[in-house]
Amino acid sequence: MAPQSEDFRVQVEGIDLTIAAETRRILVEWLGVDPATEQEQIDREALRLQQMTEDAAEQFEQATPTTLDATYRDAVRAKETAWRAAREMVLEGELYPQVTPEIRAAQEEFEVGLDQRIEERREEARAAQDPDRWRTRNVRPNPTAGRVVERVWVSKPGWFLSLAEALIAQRIEDNQPVPMTSRDPLADELAAMIEDEMRRNPPQDPDLPF
């Protein structure tokens, strides 16, 4: 791939953030464009939509000229309104239709199959009573487990809480006791297990749940 020109990079940096984010989301998540090797394709599509939005916003502004007694704030507000309307029109007319009904149907079919495979793995792990399945969160979500975690470890970081909920859900599945309060000795025992897992497999950001 030829190196990008400085002018092209400047144009890319000036793209509206919503246009840039939505273009990337649609092309990567829905159309299968690989950002590692095809970032320029994403950028060029975003630039195309940016230019169309600029043209449409200008037309909207010309169609609704400001009055002689309009204030600077009125003019700024009118420009912002024209931009939002133009951006919505361009995204709805040019970007989103690229996700065809066939693509949506295929994605839905894939997600259903994925959910089924996840549920099958969870059921196999549950039937085998794998004692470590909580470490990979290979446990069926359980609302009761969430309530226990909120009551016992409310001040812990996100990754701890995610592992804790999986561990409590596993113990409920396996008919094992769970702590009822933060003062329960079992709470400290399970917390030590969770913290040990976090040390062995540290997350990039412990405040995030995954």
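Here is a short back-and-forth about the predicted model above.

Me: Before we start, what pLDDT do local features need here?
Reply: Residues are numbered from 1 along each chain as its sequence is written, and side-chain values use heavy atoms, with hydrogens and water left out. As this is a predicted model, side-chain atom pairs count only at pLDDT 80 or more, totals for chains, interfaces and linings use all residues, and local features need pLDDT of at least 70.

Me: How many helices and strands does the chain have?
Reply: Helices (H or I, at least four residues) and strands (E, at least two) are DSSP runs, numbered from the N terminus. Read along the sequence, the pattern goes α-α-α-α-α-α-α-α. That gives 8 helices and 0 strands.

Me: Is the chain a compact globule or more spread out, and what is the radius of gyration?
Reply: The globule rule (2.2 Å times the number of residues to the power 0.38, with the radius taken over C-alpha atoms) gives 17 Å for 210 residues. The C-alpha atoms fill a box of roughly 75 × 40 × 35 Å along the principal axes. The chain is more spread out than a compact globule, because its value is well over the rule, with a radius of gyration of 26 Å.

Me: What share of the 210 residues is buried?
Reply: Buried means under 20% relative accessible area, exposed over 50%, and partly exposed in between (1.4 Å probe, protein chains only). By that cut-off, the buried share of the chain is 30%.

Me: Which helix gives the most to the largest nonpolar core?
Reply: A nonpolar core is a set of buried Ala, Val, Leu, Ile, Met, Phe, Trp, Tyr and Cys residues joined through side-chain atoms within 4.5 Å. The largest has 22 residues, and W134, W153, F160, I168 and I194 have the most contacts inside it. At least two residues each come from α6, α7 and α8. With 8 residues, the top contributor is α7.

Me: How many residues are in the second, separate core?
Reply: Its members include I15, L27, L95 and V99. The count for this second core is 14 residues.

Me: Are the rings of W153 and F160 stacked or edge-to-face?
Reply: Rings of Phe, Tyr and Trp (its six-membered ring) pair if their centres lie within 6.5 Å; planes under 30 degrees apart are stacked, over 60 edge-to-face, and the rest tilted. The whole structure holds 1 aromatic pair. For W153 and F160, the centres are 5.7 Å apart and the planes sit at 70°, so the pair is edge-to-face.

Me: What is the relative accessible area of F160?
Reply: F160 touches W153, A191, I194, E195 and M198, leaving aside residues up to four places away in sequence (contact means heavy atoms within 4.5 Å). Its ring partner W153 counts as buried at 5%. F160 is buried too, at 1%.

Me: Which residue has its charged end over the ring of F160?
Reply: A charge sits over a ring if NZ of Lys or CZ of Arg is within 6 Å of the ring centre and within 35 degrees of the ring normal. Elsewhere, R104 lies over the face of W30, at 5.3 Å from the ring centre. Over F160, 5.1 Å from the ring centre, sits K156.

Me: Is N175 buried or exposed?
Reply: N175 lies in the loop between α7 (158-173) and α8 (185-200). Its phi is near 60°, a positive value in a residue other than glycine. At a relative accessible area of 73%, N175 is exposed.
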